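Colleague: Could you take one part of this predicted model and go through it closely, setting out what surrounds it and how far the prediction can be relied on there? I would prefer one connected account.

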Amino acid sequence: MSSINLQLTATGRHFSLSPLPGHLYADCTADEPCGARASHRLLLRRTASVRLLCDTHTVEWARDHGVLSAAPAADSRGAAVEPGVPMHD
Ligand SMILES: [Zn+2]
C-alpha cells in the first residue's frame, strides 16, 4: 500500500504538515517505526521537532488531531450536474 499518493497540507497553531518533495527519500519516523517511505513532514512547534511520516501515519496523525476532517476531501460525487438540466433515469 504505497500508492495512496497523499498530499496533505495543514497548518495549525502547534503544527505544520506538508508533503515531502517527491525526490526526497526518507523513512517514516512515527512512534511505531513502520519502515515505510515518508511522504509528509510534520513540524511540531511545541517541541520544535520534525517528524517524517508515511501516508498511513500521516492520515493517522491527521485524524487524531482533527486535521483530516477540515481538509478538502476528494470529490467523490463525480461530475457536477448542470443546474437546469433535467435528469432522466
Ligand atoms: Zn509510518
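Modeller: Just after α1, glycine 66 adopts a positive phi of about 65°, and the helix that precedes this glycine is the part I shall follow here. Helix α1 spans residues 55–64, and within α1 the buried residues are Asp55, His57, Thr58, Trp61 and Ala62. These five lie on the same side of α1, because the arc they cover around the axis is only 165°. The general geometry of such a helix is relevant here: with 3.6 residues a turn, residues three or four places apart point the same way. On the other side of α1, by contrast, Arg63 and Asp64 are exposed.

What, then, covers the buried residues of α1? The cover includes β1 (10–11), β3 (40–44) and β4 (49–53), and α1 lies across these three strands, running at about 125° to β4.

The strands themselves belong to an open sheet of 4 strands, ordered β1-β2-β3-β4, in which the pairing is antiparallel. At its edges are β1 and β4, each of which pairs on one side only. Strand β2, made up of residues 15–19, is joined to β3 by 5 bridges, and β2 and β3 run antiparallel. One residue pair can be picked out at this junction, since DSSP bridges are what define pairing here: phenylalanine 15 has leucine 44 of β3 as its bridge partner. In general, the strands of a sheet pair through backbone hydrogen bonds, in either a parallel or an antiparallel way.

Placed in the whole chain, α1 is the 1 helix that accompanies the 4 strands, and along the sequence the pattern reads β-β-β-β-α. Of the 89 residues in the chain, 16% are buried, and the five named in α1 are among the buried residues. As for contacts between residues at least 6 apart in sequence, 36% of them join residues at least 24 apart.

On confidence, the chain has an average pLDDT of 80, with 72% of the residues scoring at least 70. A stretch to read with caution is residues 76–82, over which pLDDT stays under 50 and for which the model has 1 contact beyond four places in sequence.

Technical notes. Residues are numbered from 1 along each chain as its sequence is written. This is a predicted model: local features need pLDDT of at least 70, side-chain atom pairs count only at pLDDT 80 or more; totals for chains, interfaces and linings use all residues. Helices (H or I, at least four residues) and strands (E, at least two) are DSSP runs, numbered from the N terminus. A residue is buried if 20 or more other C-beta atoms lie within 10 Å of its own, exposed if 12 or fewer, and partly exposed in between; C-beta atoms are placed from the backbone. Two residues are in contact if their C-beta atoms, placed from the backbone, lie within 7 Å. The arc is that of the directions from the helix axis to the C-beta atoms. pLDDT is the predictor's confidence in each residue, from 0 to 100. Two strands pair if DSSP finds at least two bridges between them. Axes are lines fitted to C-alpha atoms, for helices over the stretch in contact, and angles run from 0 to 180 degrees between N-to-C directions.
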